[in-house]
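Here are a few short exercises to work through with the structure open beside you. Try each task before you read its solution.

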Amino acid sequence: MAEPIRVVVTGAAGQIAYSLLYMIARGEVFGKDQPIVLHLLDIPPMVGVLEGVVMELADCALPLLVEVVPTTDPAVGFKDVSAAFLVGAMPRKEGMERKDLLSANVKIFRTQGQALDKFAKKDVKVLVVGNPANTNALVCSSYAPSIPRENFSAMTRLDQNRATSQIAAKLGVPISAVKNIIIWGNHSSTQYPDAGQAKVTANGTVKSVVDAINDNGYLQGSFVETVQKRGAAVIAARKMSSAMSAAKAACDHMHDWWNGTAPGQFVSMGVFSDGSYDSPKDVIFSFPVEIKNKQWKIVSGLTLSDFAKTKLSVTGKELQEEKDEALSVLDSNVSNL
Ligand SMILES: NC(=O)c1ccc[n+]([C@@H]2O[C@H](COP(=O)([O-])OP(=O)(O)OC[C@H]3O[C@@H](n4cnc5c(N)ncnc54)[C@H](O)[C@@H]3O)[C@@H](O)[C@H]2O)c1
Ligand SMILES: O=C(O)C[C@H](O)C(=O)O
């Protein structure tokens, strides 16, 4: 058996964590041979709930879970962690846009960036789930200058999973038959879900999704809109934001970062933009990436349609605006933000 690794989940008393903790502790992210010490970080009013979560984790009798550390102290929560799932934040309610959460939530990510900088392992992999996820990840990284910025990411995997599921249903094929759907930009209603590079395997033959669907009106219209608005649709139905699917996506994201992507396949992650595909530099922008040895690389050389370019420009502009707004909320001289 390998040495245990320490993994922190923030917002550990919340609804996403309730599904996520179980999946991590079962070995679905770091492997079935990797023992885990789980750090559960939440805020003082949630201590009672957190105690219940600790009881349930014990009652799951999971062989890989060697220790659980519940805490409200970031110094304890982030101590020596190799992976961080930053879920804890205020969720969106019906009628709100994700950017309405910005001022409340960026402050949380400033504190957590500082704590990661001080206490986490320097090669920690950080996944930000709490919204607005892209800009929170940017803020967090900016307050953790001793950790490489490539180690900070934001979750758009839920959008990728939603988009893949829509395409598979439209074509009447299993989910596993559809690969390489891309989510570009922000985890918001400006994101661009793009099936333009995607492939489908049907009856032993690999085809482009564009040819298989043969309906540009759908691919540029209701497909894009359904994925962009799926989070709001779940909130309208559940009166709470998505949780089970968000936890599954967080596991998929970290699993692929940890274990790599299959040859020829890519996944979407919000990562620091280097200006690829004319995106604004130095915002956290979702790109297609390939992953090897725990390092992601933006897939280069894809040909984008004029329609796609317009969509990328809209979502890039929103991310630039969010970044400017975050700076005004933080009202500080963060030199590298
Ligand atoms: N990126 C995505 O695809 C995606 C998908 C779904 C939800 N989300 C976001 O994830 C976040 C969490 O959603 P949820 O449904 O689990 O919410 P929730 O309200 O059920 O849980 C959030 C938890 O975070 C805790 N928390 C608040 N401030 C904290 C802090 N400073 N440190 C540690 N914990 C803190 C709260 O006490 C609560 O227990 C929300 O921002 C939501 O919008 C993102
Ligand atoms: O939409 C939300 O606010 C929750 C989450 O980001 C989602 O996409 O389901």
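The domain bounds used below come from an automatic or database domain assignment, and the model itself is predicted.

**Exercise 1.** Work out where ligand 1 lies with respect to domain 1 and domain 2.

*Solution.* Start with the bounds: domain 1 spans 5-154 and domain 2 spans 156-321. Next, look at the shell: both domains give residues to it, so ligand 1 lies between them. Then turn to the helices: H1 (15-25) and H4 (102-119) each supply at least two residues of this shell. Finally, check the pockets: ligand 1 sits in the largest pocket.

**Exercise 2.** Describe the shell around ligand 1 and find its polar contacts, taking 3.5 Å between N or O atoms as the limit.

*Solution.* Begin with the 26 residues around the ligand; Gln-15, Ile-16, Asp-42, Val-129 and Asn-131 come nearest. Sort the shell by type, and you get 14 nonpolar, ten polar and two charged residues. Now go through the contacts:

- The side chain of Asn-131 places an N or O atom 2.9 Å from a ligand oxygen.
- Gly-14 has a backbone N or O atom 3.4 Å from an oxygen of the ligand.
- Gly-11 has a backbone N or O atom 3.4 Å from a ligand nitrogen.

As for cover, ligand 1 has 870 Å² of accessible area on its own, and the protein covers 88% of that.

**Exercise 3.** Is the peptide bond from Asn-131 to Pro-132 cis or trans?

*Solution.* Read omega: it is near -5°, and the bond is cis. Then place Pro-132, which is in the loop between strand S5 (125-128) and helix H5 (133-142).

Technical notes. Residues are numbered from 1 along each chain as its sequence is written. Chains are lettered from A and ligands numbered from 1 in the order in which they are written. This is a predicted model: local features need pLDDT of at least 70, side-chain atom pairs count only at pLDDT 80 or more; totals for chains, interfaces and linings use all residues. Side-chain values use heavy atoms; hydrogens and water are left out. A residue is near a molecule or strand if one of its heavy atoms lies within 4 Å of it. A polar contact is a pair of N or O atoms within 3.5 Å; within protein, one must be able to donate a hydrogen and the other to accept it, and residues adjacent in sequence count only if both atoms are side-chain atoms. Accessible areas come from the Shrake-Rupley method with a 1.4 Å probe; for residues, only the protein chains shown count as cover. On a 1 Å grid over the protein atoms alone, a cavity is a set of points where a 1.4 Å probe fits but cannot get out, and a pocket is an open set with protein on both sides within 12 Å along at least five of seven lines; lining residues have an atom within 4 Å of a point. A molecule sits in a cavity or pocket if more than half of its atoms lie within 2 Å of its grid points. Helices (H or I, at least four residues) and strands (E, at least two) are DSSP runs, numbered from the N terminus. Ala, Val, Leu, Ile, Met, Phe, Trp, Tyr, Cys and Pro count as nonpolar, Asp, Glu, Lys and Arg as charged, and the others, Gly among them, as polar.
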